Each structure stands twice: as structure tokens, then as C-alpha cells.
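I opened my notebook to jot down what I could look up in this structure. Here are my entries, one topic at a time.

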Amino acid sequence: MSNQLTAMLKAWHKSREETDWVLGTVYKTQGSCYRKAGALTLINSRGEQYGLLSGGCLEADIVRNARKVMQWGKPVLLSYDATDEDDWSYQLGIGCGGKVYIMLQPLTKANDLGLGDMLRALENRQQGLYHQKINANQAYFETLSDRRFHKVSLQNRGDEEWLVQPISPEPHLLIVGGGVDAKPLVNMAKEMGWTVALADPRPSHARAKHFPNVDVILNELGEPLSEYLLKQGVDAMVIMSHSMEIDAKALTSAQVIGIDYMAMLGPEHRFKQVLALANLEQSKLMSPVASPAGFDIGGQLPESIALSILAQCHSVLHQSKLVSQHEQNEETRIAS
């Protein structure tokens, strides 16, 4: 089971009426900590845990306290101080050197703490804000219509303290080219919990039996691919069909929306040939294209190439969030 939020919520939702559950949240940290404020975990009465609130060193004690929350039906606040010699976490020698504050809240049939709304939003690829009242069984999810960056924050509302954190769907990756070298890229992305679509017009490629874990298979490019990009909120697109004609058509189909990460397999001179075949100018593309795709890590086999592409993609998507934050901070600075 993936530790990604959507997968965690699906595991909870599937057996929410058969077993007791507890939601664990890091709501504050001081100093160096493995997980930051907003990290979530779900723990059930069968001892199963989805998601981590530490590097793994605190999880056994968190699960032990979660059992108490199930019995009492009340939230529990925990703190682990790796700087205090008398603290249990220090004696474990966890080594992070910081202090982490954790809240455990019981989930019930009558009160799911807004997780049902959160799951529905994520399945519909909608963003939102999750509000949790500290030391209380109160929480709700608020859907957002814009894509502005929001930071995790502790807010004082009168004499109440609330943790507010942004929630976004996992990345949506579209791969053009359903050959054997696409398999490790699909598998790695799915292991990360991403949504993965595969597009290839060739009958012998992108067959469901060869890609059993892919979410969507598209057998047409052109307008159907453009429509998919417009409607499905694709974050990243990798073109790797090994056919210049197919690559050119896919690149043309993508000129309907900006995509955070775009890449094309092959050397730079091949990319220029594909541009010429598509009658496109590099400076006028909707999104810059990384070609050759991926970081140069010295690999030649499909698994190494997939690793280099996914690492570059992950880096770019993460940086896009930082850029959004910077732009919003700059807007605030200018306005003030």
C-alpha cells in the first residue's frame, strides 16, 4: 500500500465500518524533524498503519497511543523531544535533534473528521484546505477553486488553535509510448501513488495486459489527447514512442495547455527533427521540453532511464510549488 494520501484514505474508507481508526497528525515541529507539520497517518484496530509521522523510529509508540484513543474516544496530544535526555525519544537515539508534536484523533461512523470529503475531492482531482482543531474531535475539508499556493499554518481562532494545511491530488503523469521501456516508468510512478495515463495509437503497444496497473489507456492522439489534457489536470507528460511521427503528433496535441513537466526521449538533434516534423517552434511551445529526458545519471537500461526521468519530473513538480509560493509572497510584498 502506498503512503500517498489518496491511497491511505481509500484503505480507511474501504474498512471504515469494520474496524476502529485513528487519524494521526504532526501539528507542530521545532528544529530538525523527519516529517513536518501536516504529515498524516491512519491507524486501525488491526494494527495496520498507513503513512508515517517520523522516519519510522516513533511509529511503535504512536500506534500504542492510538489504541488508547480507540478505547477512550478522545484525542491525545503527544510530543517527542530528541534534545531532552529524559525524553523517551532521546533515549531511543533517533538522532534528528528536534521536537515533534502529534495529535491523535478518533474516527467514528458519526464523525469522519472531513476525510470523506477530502477523499472525494482528491478522486476528482480537486485541491482544498484541511482544518483540524487541536486537541478536539473537530475537523473539516474545504474545497478550493483556485490553484494558489497555501502554506501549512497554526491559526488562533479566539481561544482555539487550528491546523490548516493545503491538500492536493497526487501528480498525474501522461506517457506517450506503450513499449517495453515504458513499463518501469509506469511501475515507479504507480509505486509513488501517482495517477498514470498511457497513450499510443499502435495496436501492438499500450495493451492492458502489459500495463495492468495503469489508470487510463488512450488509443488515439490528436483531438482526443488534447481533450484529455484539458479535462484531466495532467501535471507531467513524457513522450517516448520511438516514432518521430507519433512524437510529433503528441507534441502538437499538447499545445492546448501549459504542463509543469514535459520531456521527450532521445538526443537534442532528434527533438529538433520532431519539432520540424510538427511544424512547431521551440520558443513558442506551451511548455518547455526536457530533451534528452531525465537527469544524466549514467544509466542505459530502461529501469535507469525511468529513474532519471521520474527524479527530474519529481524535482520540477516540487520546484513549481516553490515558485508558486515565491510568486504569492512577492504579490503580498508588493501589495503591502
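**Leu307 and its patch**

I looked up Leu307 first and found it partly exposed, with a relative accessible area of 48%. That label fits because partly exposed covers the range between under 20% (buried) and over 50% (exposed). I should keep in mind that the model I'm reading is predicted.

Where does Leu307 sit? I found its place in helix α9, residues 302-335. I also saw that Leu307 joins Phe295 and Ile297 in a nonpolar surface patch of about 280 Å².

**Val316, also on α9**

I stayed on helix α9 and went to Val316. Its relative accessibility came out at 27%, so Val316 counts as partly exposed.

Which residues does Val316 touch, leaving out those up to four places away in sequence? I got Asp260 and Tyr261. For Asp260 I also noted the spacing: Val316 and Asp260 are 56 residues apart in sequence, yet 7.3 Å apart in space, C-alpha to C-alpha.

**Helix α1**

Next I checked α1, residues 5-14, to see how much of it is hidden. This helix is mostly covered, with seven of its 10 residues buried. I wrote them down: Leu5, Thr6, Ala7, Met8, Leu9, Ala11 and Trp12.

What covers these buried residues of α1? My list includes the strands β1 (21-30), β2 (40-44), β3 (49-50), β5 (99-107) and β9 (160-167), plus the helix α4 (115-123).

A reminder to myself on helices: an α-helix has 3.6 residues a turn, so residues three or four places apart point the same way.

**The second largest pocket**

I then turned to the second largest pocket, which has a volume of about 410 Å³. Its lining has 19 residues, and the closest to the pocket's centre are Thr6, Lys10, Lys190, Thr195 and Asp215. I had met Thr6 already, as one of the buried residues of α1.

Which helix gives the most to this lining? It's α1, with three residues. I noted that α1, α4 and α6 (222-232) each supply at least two residues of the lining.

**Helix α7**

My last entry is on helix α7, residues 244-253, where I listed the buried residues as Ile246, Asp247, Ala248, Ala250, Leu251 and Ser253. Their cover includes the helices α6 and α8 (268-278). Strands are in that cover too, among them β10 (172-176), β13 (236-239), β14 (261-264) and β15 (289-290). I had seen α6 before, in the lining of the second largest pocket.

Methods: Residues are numbered from 1 along each chain as its sequence is written. This is a predicted model: local features need pLDDT of at least 70, side-chain atom pairs count only at pLDDT 80 or more; totals for chains, interfaces and linings use all residues. Side-chain values use heavy atoms; hydrogens and water are left out. Buried means under 20% relative accessible area, exposed over 50%, partly exposed in between (1.4 Å probe, protein chains only). Helices (H or I, at least four residues) and strands (E, at least two) are DSSP runs, numbered from the N terminus. Contact means heavy atoms within 4.5 Å. Patches are made of residues with over 30% relative accessible area and no salt bridge: like charges are joined within 9 Å, nonpolar side chains (Val, Leu, Ile, Met, Phe, Trp, Tyr) within 5 Å. Accessible areas come from the Shrake-Rupley method with a 1.4 Å probe; for residues, only the protein chains shown count as cover. A salt bridge is a side-chain nitrogen of Lys or Arg within 4 Å of a carboxyl oxygen of Asp or Glu. On a 1 Å grid over the protein atoms alone, a cavity is a set of points where a 1.4 Å probe fits but cannot get out, and a pocket is an open set with protein on both sides within 12 Å along at least five of seven lines; lining residues have an atom within 4 Å of a point. Grid points are joined across faces, edges and corners, and a volume is the space filled by probe spheres set on the points.
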